[in-house]
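Please work through the exercises below with the sequence and the structure at hand, and try each task before reading its solution.

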Amino acid sequence: MLRYHLYALFAVSVWGATFVSTKVLISCGLSPAEIFVMRFALAYLCILPFTHRKWLADNWKDELLMAGIGITGGSLYFLTENMALEFAPASNVSLIVCSAPLWTALLLSLLYRNERMNGRQIGGSVLAFVGMVLVILNGRFVLQLNPKGDLLALVAAWLWVLYSLIIKQLDRRYEALFITRKTFFYGLLTILPWFLYEPFSVDWQLLQQPAVAGNLLFLGMVASMLCYLVWAVALRELGVVRATNYIYLNPLVTILTAALFIDERITPIALVGAAMILYGMWRAEKS
C-alpha cells in the first residue's frame, strides 16, 4: 500500500513543479493551448508502443467515458484553468482549483457509502485545506474577487472531480496504461476546435532552444505520460478520496520550486501552512 501512496505523492509533486515549467514556456512565447498540445502529443507518442494491441473500449458507453476523461482531465481542464489566470489573480485560481479534494470527498460521500470519511479524516482534510490556503497566499492576505475568473477556476476544480469519478468507473475493467493513453488521445482530439479561434503558430526554431525543449520534454514525458499513469493506479488502489487529498501538497511544491528556480520568496506564513498540510494529511491517513 505504501507504494501507491508514493505514486500519488510523486504525481502531485511533479504537477506542482509544472507551474514553473509552464511559466518559462509562456515567457518564451508559447500559448497555454500550444503547450498543452505539445505535451499531450509527446505523451501519447511515448505511451502508444506499450498499448498498441487494444484500440477501443469494450463497448460504446465505455468509449464515451474514455472521451470524458480526455475532456475533464485534459483539454477542458487546462483551458479553464489557464483562462481563469487571465481574469483572476493566481492566488485565487490556485486556491479554488486545489479545493478539488473537498468537492471530491463531499460528492463521493453522497454517492458511495464506502467512500464516506470519518471524523478524523474530515478534521485532517480541513486542516490540510487551511494550510494550503496559507501556502498559496504566502503572506499576502489579499484576495481580489473576480466572478469570471473565479468561476472558471471553480469549473476547473469540478472537472478534475469528474475526471476522478469517471476513472473510478473504468479502472477495474481496463489497464491503467490503456486509460492513460485514451486520456491523451481524446484530450488532443477535443482541443483542436480551440485552434479555429486561436491558430497554432509555433516557431519551430523556438523549440530548438534548450530551455524550451527541456521543459516540453519534462511536461510531456514526466508530468503527463508518467504522472497520469501512476495517478490512475493510485486512484484505483487508494480510492478517490485518499488519492485526491494529495493535491493539497501541490501549492507547497510549487512555491518550493519557484523559490529554487525563479527566486520567489517563501514567507514564515507559508511554512506554517506547509506544516499544517503535512500534519492534516497524516491525521487523515492515520487509522
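A residue is called buried when its relative accessible area is under 20%, exposed when that value is over 50%, and partly exposed in between. The model used here is a predicted one, and every value below is computed from it.

**Exercise 1. Decide whether Arg-39 is buried or exposed, and place it in the fold.**

Solution. Begin with the relative accessible area of Arg-39, which is 5%, so that this residue counts as buried. Next, locate Arg-39 along the chain, where it belongs to helix H2. Finally, look across to Met-225, which is 186 residues away along the chain, although the C-alpha atoms of Arg-39 and Met-225 are separated by 8.9 Å.

**Exercise 2. Describe the secondary structure of the protein chain and state what share of its residues is buried.**

Solution. Counting the elements gives 13 helices and zero strands. Reading along the sequence, one therefore writes the pattern as α-α-α-α-α-α-α-α-α-α-α-α-α, with helices defined as DSSP runs of at least four residues. Turning to accessibility, 52% of the 287 residues fall in the buried class.

**Exercise 3. Find the salt bridges in the structure, and determine for each how exposed its partners are.**

Solution. Side chains of opposite charge can pair when their charged atoms come close. A search of the whole structure returns three such salt bridges, which can be taken one at a time.

Step one concerns Arg-173 and Asp-62, whose closest N and O atoms are 2.7 Å apart. This pair connects distant parts of the chain, with Arg-173 in the loop between helix H7 and helix H8 and Asp-62 in helix H3, 111 residues apart. Arg-173 has a relative accessibility of 47% and is therefore partly exposed, whereas Asp-62, at 6%, counts as buried.

Step two concerns Lys-182 and Glu-63, where the closest N and O atoms are again found 2.7 Å apart. Because Lys-182 lies in helix H8 and Glu-63 in helix H3, the pair ties together parts that are 119 residues apart in sequence. Both Lys-182 and Glu-63 are buried.

Step three concerns Glu-237 and Arg-236, with 3.0 Å between the closest N and O atoms. Glu-237 is partly exposed at 28% relative accessibility, and Arg-236 is likewise partly exposed, at 22%.

**Exercise 4. Which residues line the second largest pocket, and which helix gives the most to that lining?**

Solution. Start from the volume of the second largest pocket, which is about 160 Å³. The lining is made up of Ser-31, Pro-32, Ala-33, Phe-78, Leu-79, Asn-82, Met-83, Glu-86, Trp-194, Tyr-197 and Glu-198. Assigning these residues to elements shows that helix H2 (32–47), helix H3 (60–87) and helix H9 (194–197) each give two or more residues to the lining. Helix H3 gives the most, with five residues. Sorting the lining by class then yields seven nonpolar, two polar and two charged residues.

**Exercise 5. Identify the residues of the nonpolar surface patch, and explain why Leu-2 counts as exposed.**

Solution. The patch on the surface consists of Leu-2, Leu-6 and Leu-9, which together have about 280 Å² of accessible area. Leu-2 is part of helix H1, which covers residues 2–27. The relative accessibility of Leu-2 is 61%, and this residue therefore counts as exposed.

**Exercise 6. Determine how far the C-alpha atom of Trp-160 is from that of Gly-73, and whether Trp-160 is buried or exposed.**

Solution. First place Trp-160, which lies in helix H7. Its relative accessibility of 6% is the reason why Trp-160 counts as buried. The last step is the separation of the C-alpha atoms of Trp-160 and Gly-73, which comes to 5.9 Å for two residues that are 87 residues apart along the chain.

Conventions:
Residues are numbered from 1 along each chain as its sequence is written. This is a predicted model: local features need pLDDT of at least 70, side-chain atom pairs count only at pLDDT 80 or more; totals for chains, interfaces and linings use all residues. Side-chain values use heavy atoms; hydrogens and water are left out. On a 1 Å grid over the protein atoms alone, a cavity is a set of points where a 1.4 Å probe fits but cannot get out, and a pocket is an open set with protein on both sides within 12 Å along at least five of seven lines; lining residues have an atom within 4 Å of a point. Grid points are joined across faces, edges and corners, and a volume is the space filled by probe spheres set on the points. Ala, Val, Leu, Ile, Met, Phe, Trp, Tyr, Cys and Pro count as nonpolar, Asp, Glu, Lys and Arg as charged, and the others, Gly among them, as polar. Patches are made of residues with over 30% relative accessible area and no salt bridge: like charges are joined within 9 Å, nonpolar side chains (Val, Leu, Ile, Met, Phe, Trp, Tyr) within 5 Å. Accessible areas come from the Shrake-Rupley method with a 1.4 Å probe; for residues, only the protein chains shown count as cover. A salt bridge is a side-chain nitrogen of Lys or Arg within 4 Å of a carboxyl oxygen of Asp or Glu. Buried means under 20% relative accessible area, exposed over 50%, partly exposed in between (1.4 Å probe, protein chains only).
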